[in-house]
Structure formats: structure tokens, C-alpha cells
Amino acid sequence: MKNLFIFLILNLLLVSFPSEMQGLNPYEEYIDRYASLAVEHQAEYGIPASITLAQGLLESGAGRSTLASEGNNHFGIKCHKEWKGKSMLRSDDAPDECFRVYNTPEESFRDHSLFLRRGRYLPLFDLDITDYQGWAKGLKKCGYATDPNYAARLITIIERYSLYSYDANGGMDAEETSAFIRSMLVSSHPVRRSRGLHYVVATPGDTYATIAKEFNLKAKDLLAYNDVKKDREIKAWEEVYLEAKHETAPEGVVSVTIGEGESLHSVCQRYGIRESAVRSLNPKIKDKAGSVVKLR
């Protein structure tokens, strides 16, 4: 009876929102393609499907990053000393770091699951499979990424696309869950805090004007807070500050490397620093991947 009710609801949604169902963006296409695999890995390895999907979406840019498109590496896993397979060099936390290369995306998903079964991540498996927030924060605490807002990005992606539905899907298979999720996309932006600053994480299609309207702010003020001269579409999963950023870097952060797909602006957003302050420390900086940026 429950599945019949869900089936009827899904059919009503397909009739009511035909344009949404037909015109998927790259993130929705990625979810459609890999949701079943993430659910299978949840059953086999005990990693929430929502976490696997959110990490894949974030790390690979929905499968469009060079690392994913050329190396089938969807999770940004570096070589480490135990890796004996093919590799490629990309700039990330440092210039020209070694990353694993796989024959297929499926190999990448499997290696990601095995990677998280290593000792440093074992405390995560004490968490409930539906505790996606705990998993996201735990991944950051265990050192999966150096990005200070990594957990917030994962949580935003999971909540934006209701990916938690895959963790305990109530009898729906992955295909049914995907259709249901597309009808329930979250359009609001939860306010988060980093270094005492209030910010939101941008989702695909956001502009500074739309976020300013949502929070009843003047567009020109929001642009100034974020070191932007005119309204534009914001890079997906980037911070948008609702107040002026700091003039200094966080304690302990001396320098960072501009990674692939990043810019000096995105580095400043990551750490909540005004771009003018960073440029004053780096008057000859080249705004490209591999450049080392002094923050102090």
C-alpha cells in the first residue's frame, strides 16, 4: 500500500512538473546515473549513500572536472604511497600533486568506499547511517579535506537534493527516489557561520541578485561583501557572505595553493578574507591553478 501511494504521488508530480523532469541539470543527471551504485555501496560498506553522492558531486563537479573526465577519479583521492596504479598530476593543496586514475567511474566509487574503511575514518562507522550531518562533519575532522567549510558544502548538497532519502528510502528503489527528489528540491539557503561570519552556500543557478532578494539585502551591499563588481551566476557550492569579510586569515593558515577550477576569489571566499587584503600580500600573484597564495 505504501509503495502504491508513492507511485501515485510520483505520477502526479510528473504530470504537474514536466519541464523539471525533462530538463535535468548536470547535478541531477549525476544523481540519476550514480544513485543506484551509491545505494549498493551503502549496503556493502556501510557508508551513507547521501555522503557518497554528495562527495562525488562536490569533488568532481558532477563528473565534469578534469580529474573525473580524464582520470575517472570522482572523489579527489590522491595517490598515497600504497597506490600502484596509473596517476595524473593536478594542483590541489600543493602544485602538481599525484592523483589516482581509474579505468571507470565505478572503480573510483569502489576505491572511495575502501578508502573510507581505513583506520582514520573508522570512528564514522559508529554513527547512524542516517546521520549525514555527523558523517559530513566527521569527514572534515578526520582530515578528508583541508577546506574549512567542507562539511557545510556536503550538507548543503545533501539537503538541496534531499539525498538523505537514499539513506533510508522506505522501500523506494533508486530510480523512484531520484524522481521523488527532483520534485522536492530545496530552494531556500540555510544560514551558516564560519569565523563568526554569516554566509550561505550557493546552489546551481544562484546569482547575487537572487540571494540578496531572499535575504532582503541591497544587491550592491552583497556584491561588496563578496568582492564582486556586478551581478552574475555564482559558482556552485561557493560561499556567499551576508556581511563584510575579515581582513586577515584564520590563525595557523599561512599560505594556500589555488587548485584546479579555483581562483584567487574562491580562495578568499573559502577563508572569509577580503580579496584586496590578499592581493596586497601577493602583488605579483598569477590567478591560476598551482599558484601559491600567501595569506599572512
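This tour moves through a predicted model, one selection at a time.

**Helices α7 and α8**

Begin by selecting residues 132-141, which form helix α7, together with residues 150-160, which form helix α8. The two helices pack with their axes 8 Å apart, at an angle of about 150°. Because angles over 145 degrees count as roughly antiparallel, α7 is described as roughly antiparallel to α8. The crossing of α7 past α8 is right-handed.

Next, display the side chains at this contact. On the α7 side they belong to Tyr132, Gln133, Ala136, Lys137, Leu139 and Lys140, and on the α8 side to Tyr150, Ala151, Leu154, Ile155, Ile158 and Glu159. Coloured by character, the residues of this contact divide into eight nonpolar, one polar and three charged.

**The surroundings of α8**

Keep α8 selected and colour it by relative accessibility. Eleven of its eleven residues are buried, so α8 is largely enclosed by the rest of the structure. Charged residues are included in this set: Arg153, Glu159 and Arg160 are among the buried residues of α8. To see what covers the buried residues of α8, add α4 (49-60), α7, β3 (192-194), β4 (197-201), β5 and α12, which are included in that cover. Just after α8, select Ser162, where phi is positive at about 50°.

**Asn149, ahead of α8**

Now move to Asn149, in the loop between α7 and α8. Is Asn149 buried or exposed? Its relative accessible area is 4%, so Asn149 counts as buried. Which residues is Asn149 in contact with, leaving aside its neighbours within four places in sequence? They are Ser194, Tyr199, Glu239, Tyr241 and Arg270. Arg270 leads to the next stop, since Arg270 is one of the buried residues of α12.

**Helix α12**

Select residues 264-271, which form helix α12. Eight of the eight residues of α12 are buried, and therefore this helix is largely enclosed by the rest of the structure. The buried residues are Leu264, His265, Ser266, Val267, Cys268, Gln269, Arg270 and Tyr271. Show α8, α10 (208-214), β5 (239-241), β6 (255-257), α13 (275-281) and β7 (292-294) to see the elements against which the buried residues of α12 pack. Helix α12 is followed by Gly272, with a positive phi near 65°.

**Salt bridges**

The structure holds 17 salt bridges; the stops below include three pairs and a network. Side chains of opposite charge can pair when their charged atoms come close.

- Select Glu260 and Arg90, whose side chains meet in a salt bridge at 2.9 Å, N to O. Because Glu260 lies in the loop between β6 and α12 and Arg90 in strand β1 (residues 87-90), the pair ties together parts that are 170 residues apart in sequence. Glu260 counts as partly exposed, at 30% relative accessibility, and Arg90 likewise counts as partly exposed, at 25%.
- Select Asp111 and Arg100, whose side chains form a salt bridge at 2.7 Å, N to O. Asp111 is in helix α6 (residues 105-116) and Arg100 in strand β2 (residues 97-100), so this pair ties together parts eleven residues apart in sequence. Both Asp111 and Arg100 are buried.
- Select Asp287 and Arg279, which form a salt bridge with their closest N and O atoms 3.9 Å apart. Asp287 counts as partly exposed at 41% relative accessibility, and Arg279 counts as partly exposed at 36%.
- Select Lys78, Asp92, Asp93 and Glu97, which are joined into one network by salt bridges that share partners.

**Two pairs separated in sequence**

For the closing stops, display C-alpha atoms. Select Ala43, in helix α3 (residues 26-45). Ala43 counts as exposed, with 71% relative accessibility. From Ala43 to Asp167 the C-alpha to C-alpha separation is 9.7 Å in space, and the two are 124 residues apart in sequence.

Finally, select Asp128, in the loop between α6 and α7. Asp128 is partly exposed, its relative accessible area being 46%. Asp128 and Pro48 are 80 residues apart in sequence, and their C-alpha atoms are 9.0 Å apart in space.

Conventions
Residues numbered from 1 in each chain as written. Predicted model: local features only at pLDDT ≥ 70, side-chain atom pairs only at ≥ 80, totals over all residues. Heavy atoms only, no water. Axes fitted to C-alpha atoms, helices over the stretch in contact; angles between N-to-C directions. Helix = DSSP H or I, 4+ residues; strand = E, 2+ residues; numbered from the N terminus. Parallel < 35°, antiparallel > 145°, perpendicular 65-115°, else oblique. Left-handed = near helix turned anticlockwise from the far one by under 90°. Contact = heavy atoms within 4.5 Å. Buried < 20%, exposed > 50% of the residue type's maximum accessible area, 1.4 Å probe, protein only. Salt bridge = Lys/Arg side-chain N within 4 Å of Asp/Glu carboxyl O.
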